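Colleague: I should be grateful for a close look at the enclosed empty space in this protein. Please describe what surrounds it, and relate it to the rest of the chain.

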Amino acid sequence: MIVINYGNDIISNTYESLQASDIHKYLRREQKVAIKPNLVVPRPASGGATTHAEVVEGIIIFLQEYGIKDISIIESAAIGESTRLGFKNCGYERLAQEYKVMLFDLKDDRVTHLTHSGYQLGLCNRALDADFLINVPVLKSHCQTRMTCCLKNMKGCIPDSEKRRYHTMGLHKPIAALNALIKTHYCVVDGICGDLSFEEGGTPVESKRIIVGANPVLVDSFCAELIGYRPDDIEHLAIARRLGVGEYYNEQTEVVSLNTQNKPKQNAKVTRIAERYERLINADSACSVCYSSLIYALYRLNGRTEDKLFIGQGYRNNDGKDLCAKKTDKCVGIGDCTRGFSCFVPGCPPKATDIIDFLR
Ligand code: SF4
């Protein structure tokens with residue numbers, strides 16, 4: 001079952017969506033509940049990157065009325081970003097005080113290693129230990145995985161060293177394996193104004209909707225179509241399905257639509273800005289934060305660069321000389337991984353503004 005609810009009153013829409021959903025089948029009063037929002041960067045949700053605190057507030061009100069006592073909010077921001085600053089800037093400190101819930105920065109958590117599908121992965125204990133994990137992603141675009149929603153949001157339940165390592169393993173397969181190892185018990189998707197160009201926000205698209213459902217593959221397959229992708233276009237989604245994490249939604253899936261009169265007039269379209277600039281980039285195991293800094297820089301430059309760009313952990317210990325065969329080629333490395341290049345933009349990840357200045 002999936003519930004989709006439209007409107008501006010985020011707290012009551014979230015609460016109403018849960019009431020109309022099948023969460024009652026799975027949730028028990030004595031359970032220890034962890035809520036996992038997306039606070040990839042410490043920027044307010046209006047920018048399109050992070051989960052609205054009001055969505056989490058609606059969930060907390062629902063849970064407390066249900067009789068749940070032990071509620072925590074868990075998150076680990078992107079590499080190089082501060083989770084604590086995200087809690088502060090995005091309104092989660094207020095939630096913690098007002099509703100007496102705990103905030104946990106998973107960057108400080110202990111890690112357990114488990115294996116699935118040949119991948120040994122380090123997982124944060126607070127995510128593993130929850131009796132009931134509510135996954136609260138933002139529905140938005142991603143420069144490397146096309147869409148980020150429930151499955152991808154679980155990357156905030158691993159340590160930073162693992163976040164880097166996932167990119168050396170091809171990203172999609174470890175994301176799918178991660179979701180086989182840490183169970184999401186319920187999904188509440190913030191589809192209010194997710195960014196359909198950049199994971200880090202900046203160009204939000206107003207969609208005013210909350211989508212809830214029990215399984216991350218079910219919900220992600222539904223959400224993919226909302227932003228113009230078929231489920232199989234999202235590689236980690238297809239792999240997660242094959243690994244048995246869940247099934248795609250189909251015509252048999254019960255879909256309850258609430259307050260459809262509040263739908264925004266224009267439908268959100270995927271702009272696929274990242275795909276526009278892919279041809280300019282040679283990437284090998286690049287972290288998402290690094291890659292999206294480069295995409296953002298190219299967007300600002302309107303794609304105007306004559307340089308050959310190299311990015312990612314695969315270029316460590318490479319001086320770039322063999323990569324630019326022609327004398328006229330100018331090879332530029334992006335990020336500290338390319339520090340062997342004679343020409344590179346430092347930073348791990350580098351700032352988009354530094355890349356722009358350098359390429360200009
Ligand atoms: S420089 Fe970029 S690709 Fe390399 S480890 Fe840092 S963030 Fe990842």
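**Cavities and their surroundings**

Modeller: The domain assignment of the protein chain gives two parts, domain 1 (2-262) and domain 2 (273-359). The model is a predicted one. Taken over C-alpha atoms, the centres of domain 1 and domain 2 are separated by 30 Å. Where the two parts meet, 16 residues of domain 1 are in contact with 17 residues of domain 2.

With that division in place, the empty space can be considered. Rolling a probe the size of a water molecule over the atoms shows where empty space is left. A search of the whole structure yields 3 cavities of 30 Å³ or more. The largest cavity has a volume of about 230 Å³. Its lining comprises 19 residues, of which Val40, Ala78, Lys152, Lys155 and Glu199 are the closest to its centre. Helices α6 (150-153), α7 (160-168) and α12 (288-300) are the elements that give two or more residues to this lining. Because domain 1 (2-262) and domain 2 (273-359) both give residues to the lining of the largest cavity, this cavity lies between them. In chemical character, the lining of the largest cavity divides into 6 nonpolar, 7 polar and 6 charged residues.

One of the residues closest to the centre of the largest cavity, Glu199, leads to a further site, since Glu199 is among the residues that Ser141 touches. Ser141 is placed in strand β8 (residues 140-142). With a relative accessibility of 6%, Ser141 counts as buried, the cut-off for that class being under 20%. A polar atom of the Ser141 side chain lies 3.0 Å from the backbone oxygen of Arg146. Leaving aside residues up to four places away in sequence, Ser141 touches Arg146, Met147 and Thr148, and also Asp195, Leu196, Ser197, Phe198 and Glu199.

The second largest cavity holds about 130 Å³ of space. Among the 17 residues that line this cavity, the closest to its centre are Cys287, Cys290, Cys337, Cys348 and Pro349. Its lining divides into 10 nonpolar, 4 polar and 3 charged residues. Two of the residues closest to the centre of the second largest cavity, Cys348 and Pro349, are also joined by a cis peptide bond, with omega at about 5°. Pro349 belongs to the loop between β16 (344-345) and α13 (352-359).

Two further points of backbone geometry may be recorded alongside that cis bond. Ser117, although not a glycine, has a positive phi of about 55°. Ser117 is located in the loop between β5 (111-116) and β6 (119-124). At 43% relative accessibility, Ser117 counts as partly exposed. Asn259 is likewise not a glycine, and has a positive phi of about 50°. The loop between β12 (255-258) and α11 (273-277) contains Asn259. Its relative accessibility is 23%, so Asn259 counts as partly exposed.

To draw the picture together, the largest cavity lies between domain 1 and domain 2, with Lys152, Lys155 and Glu199 among the residues closest to its centre. The second largest cavity has Cys287, Cys290, Cys337 and Cys348 among the residues closest to its centre, together with Pro349.

Methods. Residues are numbered from 1 along each chain as its sequence is written. This is a predicted model: local features need pLDDT of at least 70, side-chain atom pairs count only at pLDDT 80 or more; totals for chains, interfaces and linings use all residues. Side-chain values use heavy atoms; hydrogens and water are left out. On a 1 Å grid over the protein atoms alone, a cavity is a set of points where a 1.4 Å probe fits but cannot get out, and a pocket is an open set with protein on both sides within 12 Å along at least five of seven lines; lining residues have an atom within 4 Å of a point. Grid points are joined across faces, edges and corners, and a volume is the space filled by probe spheres set on the points. Helices (H or I, at least four residues) and strands (E, at least two) are DSSP runs, numbered from the N terminus. Ala, Val, Leu, Ile, Met, Phe, Trp, Tyr, Cys and Pro count as nonpolar, Asp, Glu, Lys and Arg as charged, and the others, Gly among them, as polar. Domain bounds come from an automatic or database domain assignment. Buried means under 20% relative accessible area, exposed over 50%, partly exposed in between (1.4 Å probe, protein chains only). A polar contact is a pair of N or O atoms within 3.5 Å; within protein, one must be able to donate a hydrogen and the other to accept it, and residues adjacent in sequence count only if both atoms are side-chain atoms. Contact means heavy atoms within 4.5 Å.
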